[in-house]
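Hi,

Here is the structure I said I would pass on to you. Have it open while you read, and the notes below should be easy to follow.

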Amino acid sequence: MNTENLQEIIQNYLSQYEFINNRENDELFKWRAAAFMYGMNPFADDFLVKLKMALRAMSVLCTEENWQPATGISTLCDSDQADKANETLTAFKVLFGDDGGDIEERYNNILRFVGMTNTMIDNYMSESDQAVYEQDIRSALVYLGIMRADKDFMFELDAAEHFSLFAEYEEDVVADGTVSLPAYYRMCEELIDYIKSDDDLLKTVYNRLDYESAVASCPCSLRDVDKKLHLLAYDIVHCTEKYGFYETHPIPKKKRLTANQLKLEAQRKIIRNNIYEIQQHINKATSQLDELENLDMTGMTVTHAKFGDGEVIEHDGDRLTVLFSIGEKTLSLKTAFSKGLLEAEDEEITELCSSILDTEEKVKALQLRQRAQELELEKI
């Protein structure tokens, strides 16, 4: 992105921060809504009950004069018909379903959710209500972005497109009136990287979030619901559009590309998608290694191929001190489990520990592949 233009956006956001968060505008309600829904589990038995209450908090995010999707979902939750309630719950399980970090698969889940809920609205509601309560990609991303703020981003078509053009983001976030969700998520992540380097912005936002957490008696710290700065990234994109920034800062027009430029851009797109997919695999493998960092096997019973059963009396990083019948032995967790010399009484822990060396090698190989793709991208 064009860092000078991006800095201009951030400075404008900062200069208006008190105005956009005064009593009248109150853009901080997004954080309060996320705090209210923090930890909600779409697969819990009481999810629909909690969802109905939560929809009131998020409804303003996707409500216009003749379009009120959150109210539509709330109406479906209101039903005393078990079948209708089960259909609504199933739709949200699809929306929040495991996608393995694949944004294209997440997009498919969103489309399935929209299709399922709109079918219900068509079947159960009057014609006059159907258009008002209709769901779309934007409303689905509001549900995801508020209830799963650490993973997803809310979205507005015009705001996203205008931001990408002014910041000169290299990918088409919106094309022919349709969002490219992977490109939009990548743009937001790039914006977050920039946000992290702006101490003034973070200090201003965190101070206000801490104040709001105290005076509004929020169920949890507003910082906690946005540790990865997804809400802040969306807020910058949204407020830059909403409060007239582009009225004084004209948006650059898209440049017409030559045939050769189009060909090169297609090549770049393929490589960028490769890099993104590799990064998802790295994230998944790294999360497995993170689990091991938090693992404490002290007190667990383990079985050694030679020394028999023993109790872990100390666990320090890769080192396990185990008390066997023959005495204490200090073992390398990685080596002992990976070579099949050691097993834990919990099969899941055995499986996790046995895969450490393979996972570390996998991460290294993926990082090399990613770097090779990045170098290839630089050449084009």
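Below is what turned up, going from the whole protein down to single residues.

Two bits of housekeeping first. This is a predicted model, so local features need pLDDT of at least 70 and side-chain atom pairs count only at pLDDT 80 or more, while totals for chains, interfaces and linings use all residues. Residues are numbered from 1 along each chain as its sequence is written, and side-chain values use heavy atoms, with hydrogens and water left out.

**The overall picture**

The C-alpha trace spans about 75 × 60 × 40 Å along its principal axes. In secondary structure, the protein has 18 helices and 7 strands. Those are DSSP runs numbered from the N terminus: helices are H or I with at least four residues, strands are E with at least two. Of the 380 residues, 47% are buried. Here "buried" means under 20% relative accessible area, "exposed" means over 50%, and "partly exposed" is in between (1.4 Å probe, protein chains only).

**Helix α7**

This helix covers residues 103-124. With 22 residues at 1.5 Å each, α7 should span 32 Å, and its end C-alpha atoms are 31 Å apart, which agrees. (The expected span is 1.5 Å times one less than the number of residues.) At the N-terminal end, Asp-102 acts as a cap, with a side-chain oxygen 2.9 Å from the backbone nitrogen of Glu-104. That is a polar contact: a pair of N or O atoms within 3.5 Å where, within protein, one must be able to donate a hydrogen and the other to accept it, and residues adjacent in sequence count only if both atoms are side-chain atoms.

Which residues of α7 are buried? Among them are Ile-103, Tyr-107, Ile-110, Phe-113, Val-114, Thr-117 and Ile-121. The buried residues of α7 cover an arc of only 160° around the axis, which puts them on the same side of the helix. (The arc is that of the directions from the helix axis to the C-beta atoms.) It helps to remember that an α-helix has 3.6 residues a turn, so residues three or four places apart point the same way.

**Helix α17**

You can see a similar layout in α17 (residues 347-354), where Ile-349, Thr-350, Leu-352 and Cys-353 are buried. Down the axis of α17, these fall within an arc of 165°, so they line one face of the helix. The face turned away from that buried side carries the exposed residues Glu-347, Glu-348 and Glu-351.

**Aromatic rings**

There are 15 aromatic pairs in the structure. Rings of Phe, Tyr and Trp (its six-membered ring) pair if their centres lie within 6.5 Å; planes under 30 degrees apart are stacked, over 60 edge-to-face, and the rest tilted. One of the pairs is Phe-113 with Tyr-143, which is edge-to-face at 5.9 Å centre to centre and 80° between the planes. This pair links distant parts of the chain, since Phe-113 is in α7 and Tyr-143 is in α9 (residues 137-147), 30 residues apart. Both Phe-113 and Tyr-143 are buried, and they join Phe-47, Phe-92 and Phe-96 in one aromatic cluster.

Elsewhere, Arg-223 lies over the face of Tyr-206, at 4.4 Å from the ring centre. For this, NZ of Lys or CZ of Arg has to be within 6 Å of the ring centre and within 35 degrees of the ring normal.

**Cysteines**

How many disulfides does a search of the whole structure find? The count is 0, where a disulfide is a pair of cysteine sulfur atoms within 2.5 Å. The sulfur of Cys-239 is 13 Å from the closest cysteine sulfur, in Cys-188, so it is too far for a bond. Cys-188 is buried at 1% relative accessibility, and Cys-239 is buried at 4%.

**Loops and the start of the chain**

Asn-21 sits in the loop between α2 (17-20) and α3 (29-36). A polar atom of the Asn-21 side chain lies 3.2 Å from the backbone nitrogen of Leu-28, and Asn-21 is buried, with a relative accessible area of 3%.

Most residues other than glycine have a negative phi. Asp-26, in the loop between α2 and α3, has a positive phi near 45°. Glu-168, in the loop between α10 (157-166) and β1 (174-175), also has a positive phi, of about 55°.

Finally, Met-1 lies in the segment before α1 (3-15). Met-1 and Tyr-169 are 168 residues apart in sequence and 4.7 Å apart in space, C-alpha to C-alpha.

Cheers
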